Amino acid sequence: MTLDLTTVLVMTALVVNVSGILFILETMLRRDEGAGRVWALAFLAAMLTTIAYLVWVQTPEAWWAVAIGNGAFVAGTGCMWLGCRRFNERSMTWPSVVVGAAVVAAATAVAVAGPDGGDWAGALWMFIPLLAFAGIAAAECLRGALGESRTAWVLSFVLGVQALYYVSRTTAFLTSGPDSALFQTAFGTINTSIVTVTLTIVAVVVTSVLRSARAPMRGFLQYSSQSVTTEGILSEEVFASATSHLCERASRRAELVAVIALRVDDLEQISTAFGGDVARAVSETWRAGVRLHAPSNALVADDGPSGLLVGALADSPRDARRIAGSIYRGLFDDLGRVGGGVIPVVGVGVGLSDAAGYDAPELIRVAREAATRAAATVDTSVLVGDAE
């Protein structure tokens with residue numbers, strides 16, 4: 001079966017636009033303010049690309065449509081890279097400038113050539129940014145928060161395939177020319193459209209999964225930057241300062257200071273598997289439970305997006321472990337009553353001043369490391385950390 005250019009571009013436009021509309025609508029419904037919005041821009045640019053190229057096919061003298069399409073194509077791949085950087089919480093300033101400059105260059109190259117530039121006017125100004133942005137985006141998927149997700153590895157593979165395809169396409173363009181049998185057979189517009197459809201379908205599924213694991217979490221994983229939240233939970237900075245003063249006073253009386261770290265690291269998996277409402281209920285119950293089951297005179301504070309800290313005086317190491325165990329058992333009972341029986345893995349670690357000294361940062365570090373080990377250990381729920 002032989003496909004003509006118009007049919008292939010209509011098919012490509014249909015797939016890309018439906019995928020893009022669904023992703024953008026989902027972004028609006030989730031009120032995503034992170035990587036999802038940047039990826040939504042990428043799909044919006046891809047939609048503009050397909051529309052521009054359809055105009056060009058129907059009206060060959062509309063060279064300006066090629067300029068818009070080339071620029072939008074570069075913008076789409078560039079925004080995929082920017083979205084990956086945003087997901088990893090890396091700087092966006094200079095990459096945004098680079099992407100903007102590449103978009104302008106790709107469109108301007110066609111505009112300079114004008115009506116006499118032909119179908120491939122400014123092609124290299126599009127090919128090179130495409131392979132560059134796809135390549136570095138693929139690498140970005142393997143680092144930071146994305147690198148910890150196996151789903152992101154699929155996105156890295158998709159972007160890597162795009163980068164390799166455009167390396168090959170650019171090489172064929174330079175060595176054989178756009179009118180050669182090699183280029184037209186292997187890297188022509190029809191074959192490129194088929195590759196684009198395939199990669200778009202995979203990309204929209206992967207980015208939706210990645211965004212769904214994070215966007216719903218913004219409401220229940222994002223901790224407050226204020227000193228004290230409306231829940232009565234301190235910020236990390238306030239907790240560190242208060243614990244330092246507590247250690248200073250306790251050291252004079254040789255009293256035992258205990259810092260208890262609690263971690264729940266699988267809320268993202270719960271959100272993906274059971275939905276954001278279940279994950280939010282689990283998170284709210286967990287945070288409220290720590291405050292409820294901690295001693296009345298204890299300090300309770302945020303510890304990153306998936307942890308809480310408790311600081312208190314204890315009569316002995318055994319008493320400190322008892323306090324931590326009481327919090328854990330109370331949390332287990334509370335979590336068993338919400339989320340349809342979905343109970344996250346909770347790790348509880350204890351740092352004690354008789355081992356770590358009256359040093360608040362060291363106590364917090366020891367407690368955190370113990371909580372991480374406890375979450376990964378099957379036979380124990382509470383671990384008392386040892387200072388190095």
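**A five-strand sheet and its β4 strand**

Five strands make up an open sheet with mixed pairing, in the order β2-β3-β1-β4-β5. Strands here are DSSP runs of E, at least two residues long, numbered from the N terminus, and two of them pair if DSSP finds at least two bridges between them. This is a predicted model: local features need pLDDT of at least 70, side-chain atom pairs count only at pLDDT 80 or more, and totals for chains, interfaces and linings use all residues. Residues are numbered from 1 along each chain as its sequence is written, and side-chain values use heavy atoms, with hydrogens and water left out.

**Sheet edges**
- β2 (299-302) and β5 stand at the edges with a single partner strand each, so one side of each has no neighbour in the sheet.

**Who pairs with β4**
- Strands of a sheet pair through backbone hydrogen bonds, in either a parallel or an antiparallel way.
- With strand β1 (residues 256-264), β4 pairs in the antiparallel sense over seven bridges.
- Along that pairing, arginine 263 has glycine 347 of β4 as its bridge partner, while isoleucine 260 stands opposite valine 350 in β4.
- With strand β5 (residues 382-384), β4 goes parallel, over three bridges; here valine 348 has valine 382 as its bridge partner.

**How buried is β4?**
- Seven of the seven residues of β4 (residues 346-352) are buried (under 20% relative accessible area, 1.4 Å probe, protein chains only), so the strand is largely enclosed by the rest of the structure.
- Val346, Val348, Val350 and Leu352 point one way from β4, Gly347, Gly349 and Gly351 point the other way, and all are buried.

Technical notes: Buried means under 20% relative accessible area, exposed over 50%, partly exposed in between (1.4 Å probe, protein chains only). Helices (H or I, at least four residues) and strands (E, at least two) are DSSP runs, numbered from the N terminus.
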